[in-house]
Amino acid sequence: MDIFLYNTLARKKEKFKPINDGAVGIYVCGPTVYNYAHIGNMRTYIFEDTLRRIFKYLGYKINYVMNVTDVGHLVSDADDGDDKMEMSAQKEGKSASEIAEFYSKAFFRDFSDLNCIMPDIISKATEHIPDMIKLIERIEKNGFTYKISDGIYFDASKFKNYGQLAGKKHMNGIKAGARVEFNSEKKNPSDFALWKLSPKDKKRQMEWSSPWGKGFPGWHIECSAMSMKYLGETFDIHCGGIDHVAVHHTNEIAQAEAATGKSFVNYWLHAEFLVGCENDKMAKSAGNFITVNTLREKNIDPLSYRYFCYSAQYKKQLEFSWEALKASEKTLINLRESISRIKKEIAFDETKKPNKEAPYYERFLKAISDNLNIPQALSVLWEVFRDNSILPQEKLSFIYDADKIFGLDLFKECSPIILEDEIMEKIRERENARKMKDFKKSDEIRQELLERGIALEDTPSCTQWKKL
Ligand code: AMP
Ligand code: ZN
């Protein structure tokens, strides 16, 4: 079964050819753990997880690596400004490692609540400083670096194919970069720091000795060093959000290839942004954003958000709205409820395999292998679900199998039918009261709903309800 992926480097869809037959190495840029991840970030992680699930479904052996940036990501892409981690530590009155631990934990909770499969390797930047130093030494030995007062820099003009990943967009990036103030000692606006020296007038919490002096690594070198350590000097797939094309990934390529003389990554995949109501980038640094925790507080199953993400293919921007998310929630709950009903009616046997000869199965495979056309794959699922000519056992076998890719927990038991908005709001309010151990309020709401003909039942994992 061939998989076609849009490769940013080639600017077209290409048939995927693994380096080693039947195996795939995937590196995804992970979170900078100075704050919570927002649902825009999570759209990218869901896309990457779906990619992983497709390879798994098709029988590939996977090595999935994700970094955690816990040092070196500066506020400005021009290598100026503070380190996001140190800034956050100062703001919250904690140590940088406390900040990293707290936000990493929060991130992986969101990640798993969205049914993203844990990476095979999670690599923390601070645990790989010697690897980064070694890589910078190789780049230096090959003549691509120079030293200025605040660090060791990569000379982009010496790297022949610099900016190839971003193409024209990158040229705009350079012009934009040239307009803003940039370190005047740099030779070219696109040169970037490999190793930053600790400032003389300020004590940093995180700094390490190096052949160039005490300091810390640049953000880009972290990803090159860690990806090559775990996946080899040339590996299959590197993913990230579209914002990383012009600078972060462009620089990852330059430094990796300058060190090894080999091609770094065969397929570059980039997810488009989730945009807010103003069609603006949902920026973590703006401070005002929606997180998975916001969803949990509203008692919205994070998987409703995963379902919502499937309304657009990953190469298209997706506009967030609460109405659209609520509609996804409703659809998902109703689908689970129907599945649960049919399952009981027919005593569903989940060990039975779906009919792989069926035409809809072929259409499903075609959609998932066509650059992750998940909206199309989901429409095949609905088609099967609504088709009365397909036997219920076969229908559920197909959906059970397909959910290995969607990751929507479609066979989850707690899936009562969705009621009117106002009633759902009451149920959520009661759930919150229960969480806060406000049992008086929780009992009052239960009684009120009972009088309106809705009975609630609390199970260990969730609250179920039915109309009397
Ligand atoms: P960060 O923690 O800021 O480095 O971002 C983590 C991941 O989320 C990266 O792959 C970014 O490219 C991606 N990302 C950032 N903002 C958005 C957004 N609004 N929509 C989708 N992905 C995003
Ligand atoms: Zn990265």
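**A cavity between two domains, and a ligand beside it in the account**

The lining of the largest cavity takes at least three residues from domain 1 (4-271) and at least three from domain 2 (277-406). The model in which this cavity is found is a predicted one. To place these two domains, it helps to look at the chain as a whole. The domain assignment divides the protein chain into domain 1 (4-271), domain 2 (277-406) and domain 3 (420-467). Between the C-alpha centres of domain 1 and domain 3 there is a distance of 46 Å.

The cavity itself can now be described. The structure contains 2 cavities of 30 Å³ or more, and the largest has a volume of about 120 Å³. Its lining is made up of 13 residues, of which Phe47, Cys309, Tyr310, Ala312 and Tyr314 are the closest to the centre. Which elements give two or more residues to this lining? They are α1 and α12 (374-386). The greatest contribution comes from α1, which gives 4 residues to the lining of the largest cavity. Sorted by class, the lining of the largest cavity consists of 10 nonpolar, 2 polar and 1 charged residues.

The helix α1 also leads the reader to ligand 1. In the shell around ligand 1, α1 again gives the most, with 4 residues. Both α1 (39-57) and β10 (235-241) supply at least two residues each to this shell. The surroundings of ligand 1 comprise 16 residues, and those that come nearest are Gly40, Thr44, Gly241, Asp243 and Leu274. By class, the shell around ligand 1 holds 5 nonpolar, 8 polar and 3 charged residues.

Individual atoms give a finer view of these surroundings. In the side chain of Thr44, an N or O atom lies 2.6 Å from a nitrogen atom of ligand 1. Two further contacts involve the protein backbone. A polar backbone atom of Leu274 is 2.9 Å from a nitrogen atom of ligand 1, and a backbone N or O atom of Gly241 is 3.0 Å from an oxygen atom of the ligand. How much of the accessible area of ligand 1 does the protein cover? On its own, ligand 1 has 490 Å² of accessible area, and the protein covers 95% of this.

Taken together, the two sites share a contributor: α1 gives 4 residues to the shell around ligand 1, and α1 gives 4 residues to the lining of the largest cavity.

How values were computed
Residues are numbered from 1 along each chain as its sequence is written. Chains are lettered from A and ligands numbered from 1 in the order in which they are written. This is a predicted model: local features need pLDDT of at least 70, side-chain atom pairs count only at pLDDT 80 or more; totals for chains, interfaces and linings use all residues. Side-chain values use heavy atoms; hydrogens and water are left out. A residue is near a molecule or strand if one of its heavy atoms lies within 4 Å of it. A polar contact is a pair of N or O atoms within 3.5 Å; within protein, one must be able to donate a hydrogen and the other to accept it, and residues adjacent in sequence count only if both atoms are side-chain atoms. Accessible areas come from the Shrake-Rupley method with a 1.4 Å probe; for residues, only the protein chains shown count as cover. Ala, Val, Leu, Ile, Met, Phe, Trp, Tyr, Cys and Pro count as nonpolar, Asp, Glu, Lys and Arg as charged, and the others, Gly among them, as polar. Domain bounds come from an automatic or database domain assignment. On a 1 Å grid over the protein atoms alone, a cavity is a set of points where a 1.4 Å probe fits but cannot get out, and a pocket is an open set with protein on both sides within 12 Å along at least five of seven lines; lining residues have an atom within 4 Å of a point. Grid points are joined across faces, edges and corners, and a volume is the space filled by probe spheres set on the points.
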